[in-house]
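Student: Could you take me through one part of this protein slowly? I would like a close look at how its helices pack, and then a word on anything else you can show me.

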Amino acid sequence: MNRKYDVIILGAGAAGLMCAIEAGQRGRRVLVLERADRIGKKILISGGGRCNFTNLHTGPENFLSANPHFAKSALARYTPADFVRLVEKHRIPYHEKKLGQLFCDRAASDITAMLEQECRDAGVEIRCNTNMSEVAKTEALNNDRFNVQTEDASFSASRLVVATGGLSIAKIGATSLGYDLARQFGLKIVTPRAALVPLVFSERDRKRWCELAGVSTEVVASTGGTKHASAAQTFRENMLLTHRGISGPAVLQISSYWDGKEPIHLDLAPGRDLTADLRAREHRDQSSWKLLLREVLPRRFADRWLETYPLGGNSDRAFADAEHQLHAWEIKPEGTEGYGKAEVTAGGVDTGELSAKTMESRKVPGLFFIGEVVDVTGQLGGYNFQWAWASGFCAGHAM
């Protein structure tokens, strides 16, 4: 027996649930199908379990896409303030951590409970533990339907929303379903890749630095203009040395803009004029340079740095070269840690295939793509959630 709905949404993550709420509130009969055993698994693990649910400073410049203008419409129509109003309606305590990042005071489950309650209030039906075996479209006079076949039932609707996320974090159920469906219906895909992901050192650099795993220091990470971004990108945050390379907020940010070939530059003494600092000291020699480095960097890192890049004498040129090296450490990563440790997937359904206002396919009426499966990727700090809320809202509003 085929059960009929107005809207079927594939995926019960942030974007899918927001779309369901908005469509349900507009009186549509909505079904959400989810492979996992519960909704919002990525929400639950985000922000160290506290869910960095939005960023107050969200703007188009915080997103990466082949079309940097595509996200503007959705972001303008559903803003961080709109989501904060929803959070406050449910009396969820939250705080701003830094740089506009908003986190739950208690736990990320406050957000999933809120979304679940809103779905119930809007009459949305959610089915977890559901594997889809086939999705097809039947075309009839003024009555096109999307048919979804699962292991034990079949469902149909005039509108199908794909909110299945990207390839990141397979252990919580990430699959290629969204991209497969886009290709099935003839939509172009911007090649997916791991983003907001730790980087892996070359073997030589692993031998030099990975004994220091766990050491963290503030840096400015930068990379030149690439195929992913026309302008150079720069982020001032912490870097963390790992057993295989580097991570931490600065590195995760720059990884989204790294083309896999060009070097990455790290300023290990941001904002410091070490030559001036040395001039103010009584002595200017190897020992005073070592003491200064231990002020700038964690002690173990400073000592290893001096072993790797020893001072070439006591001349002005030697100190100038040593300072330049510290401000412009060039690293050529071997690769990334891949989708297993990536926070998001960059690339996805080509935005040229979709309406920026509704997220509906230009080729296939009634077919929508929202959230991470689309070629719109936010920087670290709550931006990807805001894209999920905004794109989900716009699709739901179009139902």
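Student: Which residues in α1 meet which residues in α5?

Tutor: Happy to help, and please keep in mind that this is a predicted model. From α1, the residues are Leu17, Ala20, Ile21 and Gln25, and they meet Leu115, Glu118 and Cys119 in α5. Sorted by character, the residues of this contact comprise five nonpolar, one polar and one charged.

Now for the geometry. Two packed helices are described by the angle between their axes and the distance between the axes. Helix α1 covers residues 14-25 and helix α5 covers residues 109-121; their axes lie 8 Å apart, at an angle of about 25°. Angles under 35 degrees count as roughly parallel, so α1 and α5 are roughly parallel to each other. The crossing in which α1 passes α5 is left-handed.

A second helix pair makes a good companion to look at. Helix α10 (residues 286-296) and helix α11 (residues 299-308) have axes that come within 8 Å and cross at roughly 140°. Because of that angle, α10 is oblique to α11. Their crossing is right-handed. On the α10 side the contact is made by Trp289, Lys290, Leu293 and Arg294, and on the α11 side by Arg299, Ala302, Asp303, Trp305 and Leu306. Here the residues divide into five nonpolar, no polar and four charged.

Since Cys119 came up in the α5 contact, let us turn to the cysteines. The structure holds zero disulfides. Take cysteine 104: the closest cysteine sulfur belongs to cysteine 51 and is 5.2 Å away, which is too far for a bond, because a disulfide needs the two sulfur atoms within 2.5 Å. Cysteine 104 is also buried, with a relative accessible area of 0%. Cysteine 128 is in no disulfide either, and its nearest cysteine sulfur, in cysteine 119, is 10 Å away. With 25% relative accessibility, cysteine 128 counts as partly exposed.

Finally, a stop at a strand. Glutamine 233 sits in strand β14, which spans residues 233-241. Its relative accessibility is 17%, so glutamine 233 counts as buried, the limit for that being under 20%. Leaving aside residues up to four places away in sequence, glutamine 233 touches Ala221, Ser222, Thr223, Ile254, Tyr257 and Gln379.

Note on methods
Residues numbered from 1 in each chain as written. Predicted model: local features only at pLDDT ≥ 70, side-chain atom pairs only at ≥ 80, totals over all residues. Heavy atoms only, no water. Axes fitted to C-alpha atoms, helices over the stretch in contact; angles between N-to-C directions. Helix = DSSP H or I, 4+ residues; strand = E, 2+ residues; numbered from the N terminus. Parallel < 35°, antiparallel > 145°, perpendicular 65-115°, else oblique. Left-handed = near helix turned anticlockwise from the far one by under 90°. Contact = heavy atoms within 4.5 Å. Nonpolar A, V, L, I, M, F, W, Y, C, P; charged D, E, K, R; others polar. Buried < 20%, exposed > 50% of the residue type's maximum accessible area, 1.4 Å probe, protein only.
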